[in-house]
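Here is a short briefing to read beside the sequence and the model. It goes topic by topic.

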Amino acid sequence: MTFYQELQLNQAGSKDLLKKSETAKEKIYHLFVYMAKVAVTMAFCFLFVTIFSILLGNENSIVGVVVLLCLMVFRNADLGIHTGQSTILLALFFAVMTVCPHLANQLSPVPGMLLNIAALAVLILFGCHNPFMFNQSTLVLGYLLLYGYDVTGKSYEMRLVGMAAGAVLTCLVFYRNHRNRVYKRKIQDVLQEFDLSSSRTKWQLCQILCVPAVLCIAELFKMPRAMWAGIAAMSAILPFMEDMQYRVKKRIVGNIAGVLCFTALYFLLPSSIYAYIGILGGIGVGLSAKYGWQAVFNTFGALAIATESYGLKGAVGLRVIQNVFGVVFALIFCSMFYWFMSKKGNSGNRGCRITWDGKKKG
């Protein structure tokens with residue numbers, strides 16, 4: 001494996017190489033490549049988002065984050081259908097993420113929830129046909145970030161420009177990297193494969209219905225940072241209930257641990273470098289292969305921003321409450337949804353106990 005090829009590995013792959021190292025020299029080399037990858041990635045991400053902030057304004061720095069997420073994911077991940085049609089769908093996804101979160105913010109919670117359901121239906125049904133690609137972690141996350149950091153007036157006009165540029169860039173990279181892949185499945189086939197008896201469709205419907213419901217409830221109760229609850233719910237909704245229970249536990253524990261670590265750093269470090277705690281969290285995420293540790297370090301960036309608006313006590317309280325509410329609601333919602341679907345006679349097994357082709361598992 002060349003140096004460049006090793007740089008392309010994810011955290012789990014790099015750590016697997018470290019574990020398999022037979023000599024100290026080999027281990028030091030793999031560790032050097034791993035750290036170089038983290039450093040290069042962080043520098044590129046920081047530069048990329050900074051450029052968007054300079055060009056579009058600080059209030060639109062989140063556009064740089066969303067475009068960066070899409071670029072980094074879709075340069076490798078595909079949609080499982082014809083490449084040309086996938087490219088068109090990617091452009092559609094950018095349009096949905098640009099327009100629908102902004103419109104939903106102009107509505108009261110219930111009509112906003114209905115619009116969010118329609119928007120997520122487009123993103124998830126066509127962009128997340130293969131649940132194990134975890135495309136929802138990019139598309140739905142991007143949608144929620146733009147929803148939570150909405151802007152108006154001239155700033156929204158600049159957001160339109162930034163998202164349009166991001167769509168063009170992402171589509172070009174996607175088509176270049178996937179043009180030689182051959183898929184017989186087309187958009188109409190995705191619609192035909194929508195089947196309430198399949199695990200995939202049940203999982204998709206849980207994402208489509210649960211995440212907007214979480215946002216709506218948080219907003220009805222006047223809870224700031226409702227997107228935190230939505231992101232927590234999205235991250236917990238997985239095809240199998242056992243995996244969901246694991247995620248819920250790790251998300252709660254990870255966020256509490258992250259809050260405690262952030263609070264300690266807040267009191268130990270001088271106020272002049274508070275903004276860099278978020279960068280530290282980004283480095284931590286880059287070094288983390290397991291979801292629990294990622295939940296810990298993701299908390300740093302979120303709190304670094306929220307503390308400026310709500311103070312330390314308010315930001316910490318909101319973070320814990322919103323995350324616990326989001327994942328617990330998602331677990332209860334999906335458990336009831338799968339139970340209801342089984343009662344309707346769509347499956348003979350509990351929850352998501354059906355294989356992707358609709359056959360009973362085991």
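In which helix is Asn116 found? Asn116 sits in helix α6, which covers residues 109–127. The model is predicted. Its protein chain has a mean pLDDT of 87, and 93% of the residues reach 70 or more.

**Confidence**
- One stretch calls for caution: pLDDT stays under 50 over residues 346–362.
- For residues 346–362 the model has 33 contacts beyond four places in sequence.

**Helix α6: Asn116 and Leu123**
- Asn116 is buried, with a relative accessible area of 2%.
- Leaving out residues up to four places away in sequence, Asn116 touches Ala104, Tyr143, Tyr147, Pro212 and Leu215.
- Leu123 is placed in helix α6.
- The relative accessible area of Leu123 is 0%, so Leu123 is buried.
- With residues up to four places away set aside, Leu123 touches Phe93, Val96, Met97, Cys128, Leu139 and Tyr143.
- Tyr143 appears in the contact list of Asn116 and in that of Leu123.
- Leu123 and Asn135 are twelve residues apart along the chain. Their C-alpha atoms are separated by 9.3 Å.

**Helix α3: His30**
- His30 belongs to helix α3, residues 24–56.
- His30 has 9% relative accessibility and therefore counts as buried, the cut-off being under 20%.
- Beyond residues up to four places away in sequence, His30 touches Glu6, Leu17, Leu18 and Ser21.
- Asn180 lies 150 residues from His30 along the chain. The C-alpha atoms of the two are separated by 32 Å.

**Cysteines**
- How many disulfides does the structure hold? The count is zero.
- Cys70 is in no disulfide. For Cys70, the nearest cysteine sulfur is that of Cys171, 9.6 Å away.
- Cys70 counts as buried, at 1% relative accessibility.
- Why is there no bond from Cys128 to the closest cysteine sulfur? That sulfur, in Cys70, is 11 Å from the sulfur of Cys128, which is too far for a bond. A disulfide needs the two sulfur atoms within 2.5 Å.
- Cys128 is buried too, with 0% relative accessibility. Cys128 is also one of the residues that Leu123 touches.

**Packing of α11 and α12**
- Helix α11 spans residues 226–236, and helix α12 spans residues 241–268.
- The two pack at an angle of about 140 degrees, with their axes 9 Å apart.
- Why is α11 described as oblique to α12? Angles over 145 degrees count as roughly antiparallel and those of 65 to 115 as roughly perpendicular, so this angle of about 140 degrees falls under oblique.
- On the α11 side, Ile231, Ala232, Ser235 and Ala236 make the contact.
- On the α12 side, Met244, Arg247, Val248 and Arg251 make the contact.
- By class, this contact has five nonpolar, one polar and two charged residues.

**Positive phi in loops**
- Phe134 is not a glycine, yet its phi is positive, about 55 degrees.
- Phe134 lies in the loop between α6 and α7, the latter being residues 136–148.
- Phe134 is partly exposed, with a relative accessible area of 34%.
- Lys222, also a residue other than glycine, has a positive phi near 60 degrees.
- Lys222 lies in the loop between α10 (199–220) and α11.
- Is Lys222 buried or exposed? Lys222 counts as exposed, because its relative accessibility is 71% and the cut-off for exposed is over 50%.

Methods. Residues are numbered from 1 along each chain as its sequence is written. This is a predicted model: local features need pLDDT of at least 70, side-chain atom pairs count only at pLDDT 80 or more; totals for chains, interfaces and linings use all residues. Side-chain values use heavy atoms; hydrogens and water are left out. Buried means under 20% relative accessible area, exposed over 50%, partly exposed in between (1.4 Å probe, protein chains only). pLDDT is the predictor's confidence in each residue, from 0 to 100. Contact means heavy atoms within 4.5 Å. Helices (H or I, at least four residues) and strands (E, at least two) are DSSP runs, numbered from the N terminus. Axes are lines fitted to C-alpha atoms, for helices over the stretch in contact, and angles run from 0 to 180 degrees between N-to-C directions. Ala, Val, Leu, Ile, Met, Phe, Trp, Tyr, Cys and Pro count as nonpolar, Asp, Glu, Lys and Arg as charged, and the others, Gly among them, as polar.
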